Amino acid sequence: GIDRSQAYLTNAVKHFKYALKGRQRLHQSPGGGEVAACRPWLLREVALVRPRLLVALGATAAGALTGRGEGILRRRGAIEEGPEGLPVLLTVHPS
């Protein structure tokens with residue numbers, strides 16, 4: 001029920017990491033170094049958009065926004081502190 005014009009969607013990691021299996025590209029989770037390398041861009045987007053709430057879809061986004069790497073299933077539905085003290089709602093990635 002969120003109006004799409006009132007939401008901003010982005011990726012915590014700014015590139016797609018994959019392994020080829022025949023003609024298929026199988027998604028691979030980014031490593032900590034890749035998340036850290038993309039964090040300045042993510043923080044700049046947050047500063048420009050100035051959201052009231054961040055929603056982290058999955059463990060990678062949760063880690064990038066909160067700095068905590070604990071499992072997402074135990075934290076799902078929780079609100080934790082993110083950049084600049086912004087609230088971050090944690091949930092699983094829809095894929």
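Trainee: Why is Glu80 called buried or exposed here?

Mentor: Glu80 has a relative accessible area of 12%, and buried means under 20% relative accessible area, exposed over 50% and partly exposed in between, with a 1.4 Å probe and protein chains only, so Glu80 counts as buried. Please keep in mind that this is a predicted model, in which local features need pLDDT of at least 70 and side-chain atom pairs count only at pLDDT 80 or more, while totals for chains, interfaces and linings use all residues. Residues are numbered from 1 along each chain as its sequence is written, and side-chain values use heavy atoms, with hydrogens and water left out.

Trainee: What makes the pairings of the Glu80 side chain with Arg68 and Arg75 polar contacts?

Mentor: A polar contact is a pair of N or O atoms within 3.5 Å; within protein, one must be able to donate a hydrogen and the other to accept it, and residues adjacent in sequence count only if both atoms are side-chain atoms. The side chains of Glu80 and Arg68 are joined at 3.0 Å, and those of Glu80 and Arg75 at 2.8 Å, so both pairs are called polar contacts under that definition.

Trainee: Which residues does Glu80 touch, once those up to four places away in sequence are set aside?

Mentor: With contact meaning heavy atoms within 4.5 Å, Glu80 touches Thr66, Arg68, Arg75, Leu86, Pro87, Val88 and Leu90. Glu80 itself lies in strand β4, where strands (E, at least two residues) and helices (H or I, at least four) are DSSP runs numbered from the N terminus.

Trainee: Why is Glu45 called buried or exposed?

Mentor: Glu45 has 18% relative accessibility, and it therefore counts as buried. Glu45 is found in helix α1, residues 32–49, and a polar contact of 2.7 Å joins its side chain to that of Tyr8. Leaving aside neighbours within four places in sequence, Glu45 is in contact with Tyr8, Thr10 and Lys14.

Trainee: How do you know that β1 and β2 pair?

Mentor: Two strands pair if DSSP finds at least two bridges between them, and four bridges join strand β1 (residues 18–21) to strand β2 (residues 24–27), which run antiparallel. Tyr18 stands opposite His27 in β2, and the two strands form a hairpin with two residues between them, where Gly22 in the turn has a positive phi of about 65°.

Trainee: Why is Leu20, in strand β1, called buried or exposed?

Mentor: Leu20 has 62% relative accessibility and so counts as exposed. Leu20 and Gln6 are 14 residues apart in sequence and 37 Å apart in space, C-alpha to C-alpha.

Trainee: Which value of phi draws attention to Arg50, and which to Glu84?

Mentor: Phi of Arg50 is near 55°, a positive value in a residue other than glycine, and Glu84 has a positive phi of about 55° although it is not a glycine. Arg50 lies in the loop between α1 and β3 (54–57), and with 70% relative accessibility it counts as exposed. Glu84 lies in the loop between β4 (79–81) and β5 (87–91), and its relative accessible area of 81% makes Glu84 exposed.

Trainee: What pattern does the protein follow along its sequence?

Mentor: The protein has three helices and five strands, and they follow the pattern β-β-α-β-α-α-β-β. Buried residues make up 26% of its 95 residues.
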